[in-house]
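Biologist: I'd like to learn how to read the meeting of two chains in a model. Can you walk me through it?

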There are 2 protein chains.
Amino acid sequence: MDIKTAIMSRRSVRKFIEKDVEKEKLEELAKAAIWAPTGGNAQPWDFIIVSDKEKLRQLKAVSPGLLGMPPSLIAVCSNKQANVEKMGAIGDVLAVMDCSMASQNIMLRALDLELGTCAIRSFNQSAVGEILKTPEGVEPELLITVGYPKQDTKAPSRKEDVIRWEEY
Amino acid sequence: MDIKTAIMSRRSVRKFIEKDVEKEKLEELAKAAIWAPTGGNAQPWDFIIVSDKEKLRQLKAVSPGLLGMPPSLIAVCSNKQANVEKMGAIGDVLAVMDCSMASQNIMLRALDLELGTCAIRSFNQSAVGEILKTPEGVEPELLITVGYPKQDTKAPSRKEDVIRWEEY
């Protein structure tokens with residue numbers, strides 16, 4: 001799929017058919033993530049791919065934003081602490097930015113593989129960290145659900161008056 | 001360009017030839033930005049396209065991260081205050097995430113148009129806000145330089161051990 005079509009046609013998918021996502025495809029998504037831009041080439045991230053049904057059930061229990069039951073998800077985790085040590089105070093927000101751009105790579109690449117995704121932030125960060133056994137300094141930032149879409153999702157509207165020239 | 005190639009071949013470009021970027025192309029980039037995912041469809045962003053040479057000179061003077069002189073840039077600004085009012089405390093980080101994903105759309109779409117980009121965070125936020133006349137509550141998060149690349153940029157290395165299965 002060409003890049004313009006991918007960008008314009010990506011929608012948040014919240015309903016999936018009951019079909020597991022192939023391991024190879026999930027790995028492809030994570031491999032797209034690692035090519036996101038990253039301040040100072042720090043790569044302050046980890047990508048935890050979850051397909052285990054029991055683990056998904058546990059994650060759902062602490063994630064109000066996780067609707068339905070996706071066949072898999074990728075937990076995008078930041079290494080804020082290490083990034084601050086490396087880059088100074090700005091490393092904190094840079095880690096969030098890098099992880100967000102990596103997430104967008106995942107969501108765009110998914111379209112190529114006929115997969116749907118939804119980025120979720122509404123979850124208990126420390127509970128998700130415990131379930132995924134993340135060490136101190138590694139924080140789950142986003143859960144990206146991944147599965148085969150059940151139906152086409154209607155495009156939400158977009159504001160156009162946010163594009164400005166030379167100044168606000 | 002197909003999405004996988006775009007993701008894998010995007011590099012931060014810091015040297016540009018002396019050629020202005022067409023207005024239509026800059027607008028295409030901003031139009032790609034607005035289709036990024038956004039929590040609660042809040043769209044907490046503004047995209048200010050700058051090509052005016054005097055304004056670029058002013059921005060460069062307060063942006064240590066802005067090397068050389070790009071022919072244009074897009075200032076990606078968050079509306080954190082409005083997002084917090086709409087979504088609660090989480091609106092703050094969500095605004096940064098949404099703006100970062102929108103930035104990644106800009107950088108990927110640029111490849112299609114034979115443009116190079118570089119995302120910069122190292123700048124004085126309040127000084128940039130003053131130059132761009134942003135109102136209170138609208139904060140410049142990233143400056144994305146845009147131009148025709150002077151040379152191919154070598155791929156930096158990427159860590160592969162950041163991809164994990166089921167848990168950290």
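Biologist: Which strand of chain B does β1(A) pair with, and in which sense?

Modeller: Two strands pair if DSSP finds at least two bridges between them. In this predicted model, β1(A) runs parallel to strand β5 (residues 163-165) of chain B, over three bridges. Within that pairing, A:Ile48 sits opposite B:Arg164 of β5(B). Strands here are DSSP E runs of at least two residues, helices are H or I runs of at least four, and both are numbered from the N terminus.

Biologist: Any ground rules before we go on?

Modeller: It's a predicted model, where local features need pLDDT of at least 70 and side-chain atom pairs count only at pLDDT 80 or more, while totals for chains, interfaces and linings use all residues. Residues are numbered from 1 along each chain as its sequence is written, chains are lettered from A and ligands numbered from 1 in the order written, and side-chain values use heavy atoms, leaving out hydrogens and water.

Biologist: What does B:Arg164 do with its side chain?

Modeller: Side chains of opposite charge can pair when their charged atoms come close. The rule for a salt bridge is a side-chain nitrogen of Lys or Arg within 4 Å of a carboxyl oxygen of Asp or Glu. B:Arg164 forms one with A:Asp46, at 2.9 Å from N to O. The rule finds eight salt bridges across the interface of chain A and chain B.

Biologist: Which elements of chain A supply the side that touches chain B?

Modeller: At least two residues each come from α1 (3-9), α2 (23-33), β1 (45-50), α5 (91-112), β4 (139-147) and β5 (163-165) of chain A. The most come from α5(A), with 13 residues.

Biologist: How many residues are in contact?

Modeller: Contact means heavy atoms within 4.5 Å. By that rule, 68 residues of chain A touch 68 residues of chain B. The copies meet through the same surface, because 100% of the interface residues of chain A are also interface residues in chain B.

Biologist: How are the two copies related?

Modeller: You superpose them by least squares on the C-alpha atoms of residues with pLDDT of at least 70 in both. Chain A lands on chain B with an RMSD of 0.0 Å after a turn of 180° and a shift of 0.0 Å along the axis. The copies are therefore related as by a two-fold rotation axis. In chain A, the C-alpha nearest that axis belongs to A:Asp2, 2.0 Å away.
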